[in-house]
Amino acid sequence: MLLIQNIRLSRILRNTWHVDLIMIASCTAAYFVREYLIAHHFEIPSIIPTVLGTAIAFFIGFNNNQAYDRWWEARKIWGAIVNDSRSLARALINYVDEDEASAKRIIFRHIAFLYALKASLRGAVDEIYIKYLPPEDLLEIKKHTNKHNAILNIQSRELQKLSKENKIDGFRFIEINEMLVRFSDSMGMSERIKNTIFPTTYTYLTKVFIWLFVVTFTLVISQSAGPASIFLGWLIGFVFVSTQINGMSLVDPFKNNSAGIPLNQITRTIEINLLQMLEETDIPEPVKPINEEYVL
Amino acid sequence: MLLIQNIRLSRILRNTWHVDLIMIASCTAAYFVREYLIAHHFEIPSIIPTVLGTAIAFFIGFNNNQAYDRWWEARKIWGAIVNDSRSLARALINYVDEDEASAKRIIFRHIAFLYALKASLRGAVDEIYIKYLPPEDLLEIKKHTNKHNAILNIQSRELQKLSKENKIDGFRFIEINEMLVRFSDSMGMSERIKNTIFPTTYTYLTKVFIWLFVVTFTLVISQSAGPASIFLGWLIGFVFVSTQINGMSLVDPFKNNSAGIPLNQITRTIEINLLQMLEETDIPEPVKPINEEYVL
Amino acid sequence: MLLIQNIRLSRILRNTWHVDLIMIASCTAAYFVREYLIAHHFEIPSIIPTVLGTAIAFFIGFNNNQAYDRWWEARKIWGAIVNDSRSLARALINYVDEDEASAKRIIFRHIAFLYALKASLRGAVDEIYIKYLPPEDLLEIKKHTNKHNAILNIQSRELQKLSKENKIDGFRFIEINEMLVRFSDSMGMSERIKNTIFPTTYTYLTKVFIWLFVVTFTLVISQSAGPASIFLGWLIGFVFVSTQINGMSLVDPFKNNSAGIPLNQITRTIEINLLQMLEETDIPEPVKPINEEYVL
Amino acid sequence: MLLIQNIRLSRILRNTWHVDLIMIASCTAAYFVREYLIAHHFEIPSIIPTVLGTAIAFFIGFNNNQAYDRWWEARKIWGAIVNDSRSLARALINYVDEDEASAKRIIFRHIAFLYALKASLRGAVDEIYIKYLPPEDLLEIKKHTNKHNAILNIQSRELQKLSKENKIDGFRFIEINEMLVRFSDSMGMSERIKNTIFPTTYTYLTKVFIWLFVVTFTLVISQSAGPASIFLGWLIGFVFVSTQINGMSLVDPFKNNSAGIPLNQITRTIEINLLQMLEETDIPEPVKPINEEYVL
Amino acid sequence: MLLIQNIRLSRILRNTWHVDLIMIASCTAAYFVREYLIAHHFEIPSIIPTVLGTAIAFFIGFNNNQAYDRWWEARKIWGAIVNDSRSLARALINYVDEDEASAKRIIFRHIAFLYALKASLRGAVDEIYIKYLPPEDLLEIKKHTNKHNAILNIQSRELQKLSKENKIDGFRFIEINEMLVRFSDSMGMSERIKNTIFPTTYTYLTKVFIWLFVVTFTLVISQSAGPASIFLGWLIGFVFVSTQINGMSLVDPFKNNSAGIPLNQITRTIEINLLQMLEETDIPEPVKPINEEYVL
């Protein structure tokens, strides 16, 4: 998540420079093609870039809206994980009779679940979760490809044990189990966003149409603006390209970059909240922004 | 689901070539009609294709938005099926007392339910589900037209049996039954999307208006661009047509093609998750992409 | 629900011909007014139809979006009725102890509820529901204006009776009651869509503005296109009018026409599913499309 | 809620006439300013009203969409109140053992709740609710500023009493209490819409920009259309103004006017349904439309 | 929340004056650059500001829509807090047997929770919550960074105590606990909106593109409008800038300014409702608007 309001233009150009080069080359080619091949035969009607502009506006708007929706849905899912984590801890700490050790073990295991899920979504190796799991859990989890789902399974087993030992009654059992079901939902929803590729035809057609637009636009304005049309063609193309690239940076909100959801920060916030609720003393620091610029 | 970012233009043209032919023929006709019939009488005002362009932009945008919504809703439904399947398995494995055989039988039957539902949505013959059902179930299901609904019915009966034998209490009964209700909901929601035809008047009017646009557009630009207007008319038409066809490829998300929801992959993922939770050893491979290009 | 993809143009014209006549008359009048009254005094600026076009585009887009949303919401409501009907039947068949007769009676009464609700939404006389009700129910319902609500009331009474006779416990009672609450919700939601008139000012202003547009558009293009402007004015007007009329055909989705939700088909599907679950032998045929063109 | 399709133009003009006067004055002023002050110095570029038109289109579209959403949400809330009222009555009539008097008293008190809530939302004095309350309730409610909330409080107390007297068990208690929670939600949601002013900057800026548009538009077209530009300027302004005013008429859906939600009609419908379910004989008439034109 | 309909233009200008200065400087520079450097070489094609206008329209529309959605979601969350607070109080007052003191203590603590949450969202020091908490609670809360979460934790503990002392049964326990879970959700949702920065690239690119637009627009119109183009360039720029700034004022709805959600007013309303339900006599005044202009 970007924190600063005044982005340096270089940050934008860093993301677009290879497209900028292609556009400048295309505009230059278009300029010379018109100058030496077309100019004496016919005029390119200006309605062509205008109509293409409409099509591109639809595409870029559509892509941006869907990308933002994915990003915001991802943020909502992790917001729900925050809320449910607190409710789980609150329930375990207050509703389990005379077995603080079990309550604490389940809450610790839940922190492990969050770190394992985060690592899986980020596609990163993150071993923090190990320190919150007892050795027998680690052994059991090793056999599973989906580690966070395996952890959830152990949680259910321990909940059943609490219930059988009469440390919680049926009403409290159903309440805590409900939280596990919700974590299962949030986990699956995160995986859905991560694994579902935004239809690539949309991004592909957008690229093709922007290119078509830039070329026909340069052809049209070179009739009055001369060589400056190469610069102007690129300028307008840059407006569209940077908008499109900016939107697409939100489409995979779990990527480990400055545009993504700050999973490190959120997970750490939950960790701190839960440890404070358990009245632990060894509490980690909140996640710090990088260069005061963004937080991961 | 398409995996690759750089679609070959041939893939687009393969979907549009018959429309391309119609457009080129229309543009050619329009060019000659203007050249020999209209040119000496009056000018086609350029406001006509401009206004038509607005109408088309609305139509194509509307169609694409609704198609994408259907596609994404379908994806969400099957995401919910993933989550609920895991929650069902977790509940059965951990909350059923001393009857692992029943728990396993219900989970196997659930995998059968998924394969039967998938086959029905795809309109394909898929007999995988047979191997997860005991013979008496197969016999019973044969009588029903809606096989997946019949399977769900057996699940309820077995759940009731578990409850009557005191292997689960009322709270756990309600929890597991809730999952069956959710599967019934997801099943019906999938059928709704599959069976509800997107209002055909929208796609029909879009076609008519694009054709009108291409013809009037060619009439207008041929006043300045000469024979090149045939090519330019087609080019602009192609932009609209490919956008429309691209959107419509999402409108039936359960079709067995590269734009659809990858039901094979999702069902297999659930199958693997559930078998691992049951600590089975004979676990199938994940579904592989076809030509590294798309996954079904 | 329309089934065919290639609508005959006559179907569109049948819905628009009286508006077409008004438009042609207006365009003709506008043409002669300009020719003999305005031409020598001043020019109609072409910015007027352009700006009006923007306003109309907003209106038609808005109307279509809201109409489609009503239509799709209606479809979702009846999709939920399908799902809940199956869940109700599944619960009654499997969870009621030793009283198959009651279970069957409630399911039959539920089919009656659906037919009564459908008849009320369609504003049609439909007596099918009678055959699924015992005589004493018919007698009781007669006194009520809202027949489907009265049927639901009997369902609750019978559910209470099952509970008092200990044929279902509290958990199953709450589960089946939940389904009755959901039917009450779906019923009320359907009535809401049927009874809430889409704000008539929107459709009225759309008509006024399209008329204004067609007239000013003809005035403007007649400056260059001559008498052909009458035809062209109508053509553009037709594009807007057919779009608007097409959208408005979805605004009352429970109407008994080809654009509406196919309540006959959906109700019959539920009826078949429920009778098969009851292992009945006398099962009606699915609803057939009319002329292979649409299904009601 | 307006019932008629053909609104008289006078109804629109009645809502806009003071704005119409301001616009005609502004257009006249603009015409003379250009004629005598600007005409000899420079030309007003026509791109100015075009760009302003885009900004206005966004504003009017935005305002209309949000206003319609508020209106439709309000309608949905009262639709939910209809459904929950029926479910409450159904539960009380069928699930309370041997205490018809209490059931009837709670249902009557619920009708009072609806009338009190309606009166509060409409900001109207409406004393109908008094006749459905026993004297001791009236005495208690007098002390509260929020009368409908106070009624809900009595409902909970009586529900608790029924439960303590063993006339309902825990499952039925939770079911009926759930309805009270839902009424509390619907009540609060209605108050939220009533009390939250739509950001006034939007309506203010819209007014300013429409005025700017009308003035610059008149300046531009007066270059070719002469004095007729005063009329044409007003005409285009009228299109925008009537659209905006029409949208804003939906923004406060609980107002007691023809565009609002017909709370009188809805409340009466619930009243009739509930009295019929109680098999009362003295049943009021449905609310009649006023002048066959609208219903309140 | 602004209350007045007629905003003074000065209020708008106060928010935009530094941008206005930049725009006037840029327009002046653009005017002279064209006059002395470009005019003799080539013409700036007017299609450039037109295309830029489209891009800006998308951006401003997108930003406004997302900002309004955040604002309205924030309002809905606090509306839910109102509803759930009343339901909590209703449940505690009526469903707790013979322990009015506990019920009152929990309700008071809930008011403290609301004030603590409000202070945290506003980033303000607000010590009102102290007066609703017993000393031992204050001591316990001091140790936590997230004070409102700590209060919720105490609520759960006291609820468990009520349950253990048999003052509420399992059904009532689950009902009241459900409210605590909902407060946890609303709390987390508020924090999500407060802590998630709206992607800064959107606001940044909007600024850059508006500047580009104003400059190219001035370049284009100065060809016909002369020095007046400086004023006209600023005027059009002002339209875009004020729209953008207006939208962005909604993006952080918990800020303590006139555009934000009136948390003071809402919290006080809940406080009054709850104290009246408790039949307290010392009831604070509702929050008064400031200068009859806005309410915080």
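**Figure 1. Polar contacts and salt bridges between chain B and chain C in the predicted model.** Across the interface of chain B and chain C, 18 residue pairs are in polar contact, both residues of each pair having a pLDDT of 80 or more. On the side of chain B that touches chain C, the elements giving two or more residues are α2 (47-95), α5 (147-164), α6 (170-195) and α7 (200-225) of chain B. The largest share of that side, 15 residues, comes from α6(B), and by residue character the side divides into 27 nonpolar, 19 polar and 10 charged residues. The interface of chain B and chain C also holds three salt bridges, one of which joins the side chains of B:E191 and C:R86, with a distance of 3.0 Å from N to O.

**Figure 2. Extent of the interface between chain B and chain C.** In this predicted model, 56 residues of chain B are in contact with 56 residues of chain C. Together the two chains bury about 5200 Å² between them, and 61% of this area lies on carbon and sulfur atoms. Three residues, B:R192, B:T200 and B:Y204, supply 12% of the area that chain B buries against chain C, which is more than any other three residues supply.

**Figure 3. The rotation that relates chain B to chain C.** A turn of 72°, with a shift of 0.0 Å along the axis, lays chain B on chain C with an RMSD of 0.0 Å; the two copies are therefore related as by a five-fold rotation axis. Within chain B, the C-alpha nearest this axis belongs to B:F171 and lies 6.5 Å from it. The two copies use different surfaces, in that 4% of the contact residues of chain B recur in chain C.

**Figure 4. Chain B and chain A as superposed copies.** Chain B is likewise superposed on chain A by a rotation of 72° with 0.0 Å of shift along its axis, giving an RMSD of 0.0 Å. Only 4% of the interface residues of chain B are also interface residues in chain A, so the copies meet through different surfaces.

**Figure 5. Confidence of the prediction along chain A.** The mean pLDDT of chain A is 90, and 99% of its residues reach 70 or more. Among the elements of chain A, helix α6 (residues 170-195) of chain A has the highest mean pLDDT, 95, whereas helix α1 (residues 9-38) of chain A has the lowest, 84. As a caution for close-up views, predicted coordinates should not be read in detail where pLDDT is low.

Notes
Residues are numbered from 1 along each chain as its sequence is written. Chains are lettered from A and ligands numbered from 1 in the order in which they are written. Side-chain values use heavy atoms; hydrogens and water are left out. Contact means heavy atoms within 4.5 Å. Buried area is the accessible area (1.4 Å probe) that two parts lose on being put together, summed over both. A salt bridge is a side-chain nitrogen of Lys or Arg within 4 Å of a carboxyl oxygen of Asp or Glu. A polar contact is a pair of N or O atoms within 3.5 Å; within protein, one must be able to donate a hydrogen and the other to accept it, and residues adjacent in sequence count only if both atoms are side-chain atoms. Helices (H or I, at least four residues) and strands (E, at least two) are DSSP runs, numbered from the N terminus. Ala, Val, Leu, Ile, Met, Phe, Trp, Tyr, Cys and Pro count as nonpolar, Asp, Glu, Lys and Arg as charged, and the others, Gly among them, as polar. Copies are superposed by least squares on the C-alpha atoms of residues with pLDDT of at least 70 in both. pLDDT is the predictor's confidence in each residue, from 0 to 100.
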